[in-house]
Amino acid sequence: MDEEYDVIVLGTGLKECILSGLLSVDGLKVLHMDRNDYYGGESTSLNLNQLWKRFRGDDKPSESLGSSRDYNVDMIPKFMMANGALVRVLIHTDVTKYLNFKAVDGSFVYNKGKVHKVPANDVEALKSPLMGLFEKRRARKFFLYVQDFEENDPKTHEGMDLTKVTAKELISKYGLDDNTVDFIGHALALHRDDTYLEDPALAFVKRMKLYAESLARFQGGSPYIYPLYGLGELPQAFARLSAVYGGTYMLSKPECKVEFDGSGKVIGVTSEGETAKCKKVVCDPSYLPDKVTKVGKVARAICIMSHPIPNTNDSHSVQVILPQKQLGRKSDMYLFCCSYSHNVAPKGKYIAFVLTEAETENPQVELKPGTDLLGPVDEIFFDTYDRYEPTNQSEADHCFISGSYDATTHFETTVQDVIAMYGNITGKVLDLTVDLSAASAAEE
C-alpha cells in the first residue's frame, strides 16, 4: 500500500464508484478503499437476512417470504432516466457491458387523492383524466411547444428567450392551471419543490424534453430503466472497470484516516499502520465528519408485498411522485416499486419504498400518505437517515466530499453532484456526448 496515487477514493457508494470510474478512464492512478466488507456504503443492496439483521436484530425472516438470496433490496433506490446523464456516464466509461437493464413499467403522479399515469406528450395529454377538456387543449399546445423547442433554433422559441423568461411566465403564456403545473413540474420535470418557477425556464423545458425523449426511447410505460438485480450491480461494475484501467480496490480497510500536512492539505490515507500517499481524496461524508454539516433528514419505509402498487396498471416496476402541494408539505414524497421482474425479489414478491425529506420526527405518521397507497404489506420497516453536505474548501485541502443521497427515486440529482465534483477534481468539463444506443434495455 505504500505507494503514491493521484486520487484515493474512500467509500464504495454510487457517487464514489462513478467518480472512481471516470477518473480511472481519464488515466489517473486511483486507489479505492472502503471500511466495510461489502460494496455500496449507504447505497448498498441487502438480501433478506441482511435486511432483517439491520432492522430487526436477531429475529429471523418468515419462510413464507422465500429465499434470502433472491432478494436484492437497494437501500437508496433510484431509477435511471433512459437518456439521462447517468446512462451517458455509464456509456462514456463503457460500464454498460457489465450491466443488464430493463425498462421500468410505469410513471405515475398523485393528484387530488388518486394515482394517475403521468402524461408526457400531446397525445397523452388529451387522454389524461388529470385535466378537463379545455385544460387538455392548453396542455397539448404547451407539450407541442416543448417537443418542438430546440435551444439552437430561435424559430422554435416563439419569441421568448428562455434564459430570461421564468418558468412561471412561460407557463402563464399557455394559461395552464395550478393543478397542471403541479404534475408537470414535479412528475415530468422532476423538480423537488416550487422554487424552479422563479428561475429561467430553459432548465425546466430541457427537463421536460429529457423525460419525453427517454419515454420514447424504449416504448415502455415510463422513461426509466433499472439494472437487473438492482443497483448493487453498479459499484461492482465500476470496480471491474477500475481494475481494467489499473485502479486498485480494497474492502475491509479499517479506520481509513485521512492525513494532512501543516497547511491542512491532504497528503495520504492511513489504514492498518500503512499510509498510501495521494494528491487528492474523494469520499462520502462519513470519512471526514468534521468537514461536513447536517442539512436534513430522509424518512423512508421499506416494504415487502405480494402484489403491485394498486392503481398502477399492475406495474411490476413503478415510480409514483406525490407533489408537496397535494400533501400540504414542503417537499415531495416518492414511491418506488420493483419486483421479481427485475430480479430483486423472489417470484410473486414486490419491494416498495416510500421516501421523503423528513419534516417531523415521526416517519411512520409522516409517510402515511405514501404507505396508504400500497395496499396490504407482508412486512414494513421504518427508519430515517441524516443528510450531510461538505463545508470544506476543496481547493485548499484537496478533499472532495459528496453530499448524502436525497429522497428522490430517480438519479437526476445524484448524477448532477457527481458531474460537479468531477469538474472540481479535474478542472475539466465532463463530455457526455455519447451514442445512447450503446445502452439497451430489455422490454419484457
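Two exercises with worked solutions follow, on a sheet and on the cysteines of this predicted model.

Residues are numbered from 1 along each chain as its sequence is written. In this predicted model, local features need pLDDT of at least 70 and side-chain atom pairs count only at pLDDT 80 or more, whereas totals for chains, interfaces and linings use all residues, and side-chain values rest on heavy atoms, without hydrogens or water.

**Exercise 1.** Work out in which order the seven strands of the open sheet lie, and which strands stand at its edges.

*Solution.* Step 1: strands are DSSP runs of E with at least two residues, helices runs of H or I with at least four, numbered from the N terminus, and two strands pair if DSSP finds at least two bridges between them. Step 2: the order is S8-S7-S15-S16-S17-S14-S18, with mixed pairing. Step 3: S8 (114–117) and S18 (379–390) each have a single partner strand, so one side of each lacks a neighbour in the sheet. Step 4: at the S18 edge, S14 (residues 292–305) pairs with S18 in the antiparallel sense over 12 bridges, and Gly296 stands opposite Arg387 in S18.

**Exercise 2.** Determine how many disulfides the structure holds, and whether Cys303 and Cys399 are buried or exposed.

*Solution.* Step 1: with a disulfide taken as a pair of cysteine sulfur atoms within 2.5 Å, a search of the whole structure finds zero. Step 2: for Cys303, the nearest cysteine sulfur, that of Cys337, is 9.4 Å away; for Cys399 the nearest, that of Cys283, is 6.5 Å away. Step 3: buried means under 20% relative accessible area, exposed over 50%, and partly exposed in between (1.4 Å probe, protein chains only). Step 4: Cys303, at 0%, is therefore buried, and Cys399, at 1%, also counts as buried.
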